[in-house]
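Okay, thanks for making time, everyone. I'll walk you through one structure today, a few residues at a time, so have it open in front of you.

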Amino acid sequence: MSCQVQSLWEAYKDFFPIGAAVNAETVKTHEELLIKHFNSLTAENEMKFSSLHPQDGVYEFKDADLIHDFAKRHNMKLRGHTFVWHNQTPEWVFKNEDGTSVSRDLLLERLKAHVHDVVKRYGNDVYCWDVVNEAVEDKTAQYLRDTKWLEIIGESYIQKAFEIVNQAAPEAMLFYNDYNECVPEKREKIYKLVRTLKENGVPIHGIGLQCHWNIFNPSFDEIQRSLEKYASLGLKIQITEMDISVFTFEDQRRDLTEPTAEMIEKQASLYAKAFKLFREYKDVINGVTLWGVADDKTWLDDFPVRGRKNWPLLFDVEHNPKEAFYRIVQF
Ligand code: GLA
C-alpha cells in the first residue's frame, strides 16, 4: 500500500469521526488500514448480548476487551453496539429455569444487570451506545416488530431501555439504530418512534442510520429526503453500518469473480454523493462508520446469498484504496 495515500480520518477531521466495524481477527489482519484511515471502532458482534453474556452469570469479555484495548491504544473512539435487539440475544434472558417465560419485572431486572456490568467494564471509553436496534417492523404495515422484548415488557420496553442505559452511563450518547432507513414507509415509522421518545422526555440523543445500501438503491433523492427528515428531529445523526453492495437485494448471481468496471464506478459515484451530503450535514452528523474495513472480509459475502463474494467497502481485497475512496477524500 502506498504511503502517499491521504488518511481518511484526517481528511474528515473537521467534519466527523470515521469508523469501521471490526472483530477480534480484523484488528490484527487490517491493523495498518485501521490505524491510518479510521478514528472510531464498532465491534461487529463482540458487544452484542449473546457474545458478552451467553449464559446466566457467565460473561465472555475477551474479544470485546481486545477491540476496546485496540481503540484505546490507537486513540480511537468506541461505539457500543448493542443492548436491546431481537437477534443475537440468548434464550436464557427470556426464560425462567423451568422454561416458562420470565415476568416483565425479571426481564427488566436482567437487562439492568447486564447493562450495569458491561458499562462497569468499559466505562466512558464507550462514548455512545446503540441502546435499541431495529425495533421497527419493516415487512408489514405493523408499527413495531414482534420481539420477545415487546411481548414480555410491552411497548414501553424501548423507553425503559434508554432509561436503564442512561442511568448506568449518564455521559454516553444514546442512539436508536435501524436499517432500511431511507424506505419511505419505514422512515415514517422510525421518525415517529424517535419523535415520540423525544417528546416523552426519554434520554435519547441520536438516531443511527445503518445505511446498508446497494449501487441501485436507495436513490440519492430518497437519501437526501431521509437525512432532511431525520435532521428535523433535532437530535444527532450517525451513519452506523454503511456499505454499498454491488448487487440488488434480489440479485442471486454467483458468476462474478471480481466487480465490473461499471459496478465500481456506480459505487464510487454513490459514495461520493453520500459523503458530500454528510459533509453538508456536519452540524448534525457526528459519526460515519463503515461496516467493515476492506473487501476481503465483509458480512455481505454471506448475505443474502451464502458464499457469494461482494465488494461493498472503500478498500479492495488487497487493502488498496478503491475509486470510492479517492472520490470521498478529494473534495
Ligand atoms: C445489523 C446489525 C449489525 C450486523 C448487521 C449484519 O445491521 O445491526 O450488528 O449484525 O446486521 O452484519
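Let's start at His319, which is buried, with a relative accessible area of 16%; the cut-off for buried is under 20%, so His319 makes it. One thing to say right away: what you're looking at is a predicted model. You'll find His319 in the loop between strand 9 and helix 12. Its backbone is a bit odd, too: phi is positive, about 75°, although His319 is not a glycine.

There's another residue like that. Cys211 isn't a glycine either, and it has a positive phi of about 60°. Cys211 sits in the loop between strand 6 (206-209) and strand 7, and with 2% relative accessibility it counts as buried.

While we're on the backbone, let's do the cis peptides. Going from His81 to Thr82, the peptide bond is cis, with omega near 5°. Thr82 belongs to strand 3. There's also a cis bond between Asn217 and Pro218, where omega is about -5°. Pro218 is in the loop that runs between strand 7 (212-214) and helix 10 (220-231).

Now the ligand. Which residues surround it? The list is Glu44, Lys48, His81, Trp85, Asn133, Glu134, Gln210, His212, Glu241, Trp291 and Trp299. So His81, from that cis bond to Thr82, turns up here as well.

Three of the side chains have polar atoms I'd like you to look at. Glu241 puts one 2.5 Å from an oxygen atom of the ligand. For Lys48, the distance from a polar side-chain atom to a ligand oxygen is 2.8 Å. And for Trp291, that distance is 3.3 Å. How much of the ligand does the protein bury? Taken alone, the ligand exposes 300 Å², and the protein buries 88% of that.

Let's stay with one of those surrounding residues, Asn133. Asn133 is in strand 4 (residues 126-133), and it's buried, at 2% relative accessible area. Its side chain has a polar contact of 3.0 Å with the side chain of Asn177. If you leave out residues up to four places away in sequence, Asn133 touches His81, Thr82, Val84, Trp85, Asn177 and Gln210. So both ends of the His81 to Thr82 cis bond are in contact with Asn133.

Okay, on to the core. In soluble globular proteins, nonpolar side chains tend to be buried together. Here, the largest nonpolar core has 110 residues, and the ones with the most contacts inside it are Trp129, Met242 and Phe278. Helix 11 (residues 261-280) gives the largest share of this core, eight residues.

Zoom in on Trp129. Not counting residues up to four places away in sequence, Trp129 touches Met47, Gly80, His81, Phe83, Val118, Val119, Val165, Ala172, Met173, Leu174 and Phe175. Yes, that's His81 again.

Next, the aromatics. The structure holds 18 aromatic pairs, and I've picked out two. In the first one I'll show, Phe94 and Trp149 have ring centres 5.2 Å apart and planes at 80°, so that pair is edge-to-face. This pair links distant parts of the chain, with Phe94 in the loop between strand 3 (77-84) and helix 6 (104-122), and Trp149 in helix 7 (residues 148-153), 55 residues apart. Phe94 and Trp149 are both buried.

The other one is Phe315 with Phe325, and that pair is tilted: 5.2 Å centre to centre, with 45° between the planes. Phe315 is in the loop between strand 9 (285-290) and helix 12 (323-329), while Phe325 is in helix 12 itself, so the pair ties together parts that are 10 residues apart in sequence. Both of these phenylalanines, Phe315 and Phe325, are buried. And notice the loop: His319, where we came in, also lies between strand 9 and helix 12.

There's an aromatic cluster to find as well, made up of Tyr12, Phe15, Phe16, Tyr271, Phe275, Phe278 and Phe331. Phe278 is one of those residues with the most contacts inside the core.

Last stop: is Lys72 buried or exposed? At 51% relative accessibility, Lys72 counts as exposed, because the cut-off is over 50%. Lys72 is in helix 5 (residues 62-73). From Lys72 to Asp125 is 53 residues in sequence, and 7.8 Å in space, C-alpha to C-alpha.

Conventions:
Residues numbered from 1 in each chain as written. Predicted model: local features only at pLDDT ≥ 70, side-chain atom pairs only at ≥ 80, totals over all residues. Heavy atoms only, no water. Core = buried A, V, L, I, M, F, W, Y, C linked by side-chain atoms within 4.5 Å. Buried < 20%, exposed > 50% of the residue type's maximum accessible area, 1.4 Å probe, protein only. Helix = DSSP H or I, 4+ residues; strand = E, 2+ residues; numbered from the N terminus. Contact = heavy atoms within 4.5 Å. Near = heavy atom within 4 Å. Polar contact = N/O pair within 3.5 Å; in protein donor to acceptor, adjacent residues only side chain to side chain. Areas by Shrake-Rupley, 256 points an atom, 1.4 Å probe, with all protein chains shown as cover. Phe/Tyr/Trp six-rings, centres within 6.5 Å; stacked < 30°, edge-to-face > 60°.
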